[in-house]
Amino acid sequence: MRNFRVYLLIIMIVIAVDQWTKSWVLSHLIPYHDVITVNSLFNIVLAKNPGAAFSLLANAGGWQRYFFTAIAVTAVIWLCILIYRHQQEHFFSISLSLILGGALGNLIDRLYVGVVTDFIQWHVGEHYWPSFNIADSAITVGVICLIWDGLFKKND
């Protein structure tokens with residue numbers, strides 16, 4: 001059970017950092033799409049995404065909010081079960097905890113605001129990567145760790 005508490009702590013840290021950074025961006029980057037240039041490759045920009053990753057279905061008319069919320073709730077339940085069942089597999093469970101924390105961070109936005117707040121923007125010259133947030137970053141790192149775990153896990 002001690003391991004499960006560590007995973008819950010990771011989830012809570014991801015949610016807290018995600019929500020704090022989104023709150024900061026919302027309170028400091030008004031009007032919409034105001035930009036803070038950090039350096040030649042990185043900006044902080046306010047973007048509200050009603051869709052999924054890379055604004056998938058962003059202009060679908062509103063039904064996507066409920067669709068993505070249902071997917072997120074299902075994923076949250078499944079990830080909780082997996083973490084509980086595999087809590088002795090530390091790297092695997094840490095990976096799932098990062099994904100779960102990110103999913104919950106974006107789900108909170110979807111439930112309370114209706115859109116996900118994105119603000120991290122990378123670019124090279126005039127070529128811009130879609131904006132993202134801390135929750136998206138945690139999900140990405142978690143998925144990379146899951147792949148790593150799957151490729152290099154020792155089979156007993």
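Let me begin with the aromatic rings of this predicted model, where the count comes to 3 aromatic pairs, taking rings whose centres lie within 6.5 Å. One of them is formed by F42 and W122, a tilted pair with 4.8 Å from centre to centre and 35° between the planes. Because F42 belongs to strand β2 and W122 to strand β3, this pair ties together parts that are 80 residues apart in sequence. As for their surroundings, F42 counts as buried at 17% relative accessibility, whereas W122, at 41%, counts as partly exposed.

Another of these pairs joins W148 and F152, whose ring centres are 4.5 Å apart and whose planes stand at 45°, so this pair is tilted too. Both residues are exposed, and, being 4 residues apart in helix α4, they are separated by about one helical turn.

Let me turn to the sheet, which is open and has 4 strands in the order β1-β2-β3-β4, with antiparallel pairing. Strands β1 (35–37) and β4 (127–128) stand at the edges with a single partner each, so one side of each has no neighbour in the sheet. Between β1 and β2 (residues 42–49) there are 3 bridges, and I36 stands opposite I44 in β2. Helix α1 packs on this sheet, touching β1, β2 and β3 (116–124), and its direction makes about 85° with that of β3.

Finally, α1 (residues 2–28) also packs with α4 (residues 134–152), at an angle of about 145° and with the axes 8 Å apart. Here V14, V17, D18, T21 and K22 of α1 meet I134, A135 and A138 of α4, a set that divides into 5 nonpolar, 1 polar and 2 charged residues.

Terms used:
Residues numbered from 1 in each chain as written. Predicted model: local features only at pLDDT ≥ 70, side-chain atom pairs only at ≥ 80, totals over all residues. Heavy atoms only, no water. Axes fitted to C-alpha atoms, helices over the stretch in contact; angles between N-to-C directions. Helix = DSSP H or I, 4+ residues; strand = E, 2+ residues; numbered from the N terminus. Contact = heavy atoms within 4.5 Å. Nonpolar A, V, L, I, M, F, W, Y, C, P; charged D, E, K, R; others polar. Pairing = 2+ DSSP bridges. Phe/Tyr/Trp six-rings, centres within 6.5 Å; stacked < 30°, edge-to-face > 60°. Buried < 20%, exposed > 50% of the residue type's maximum accessible area, 1.4 Å probe, protein only.
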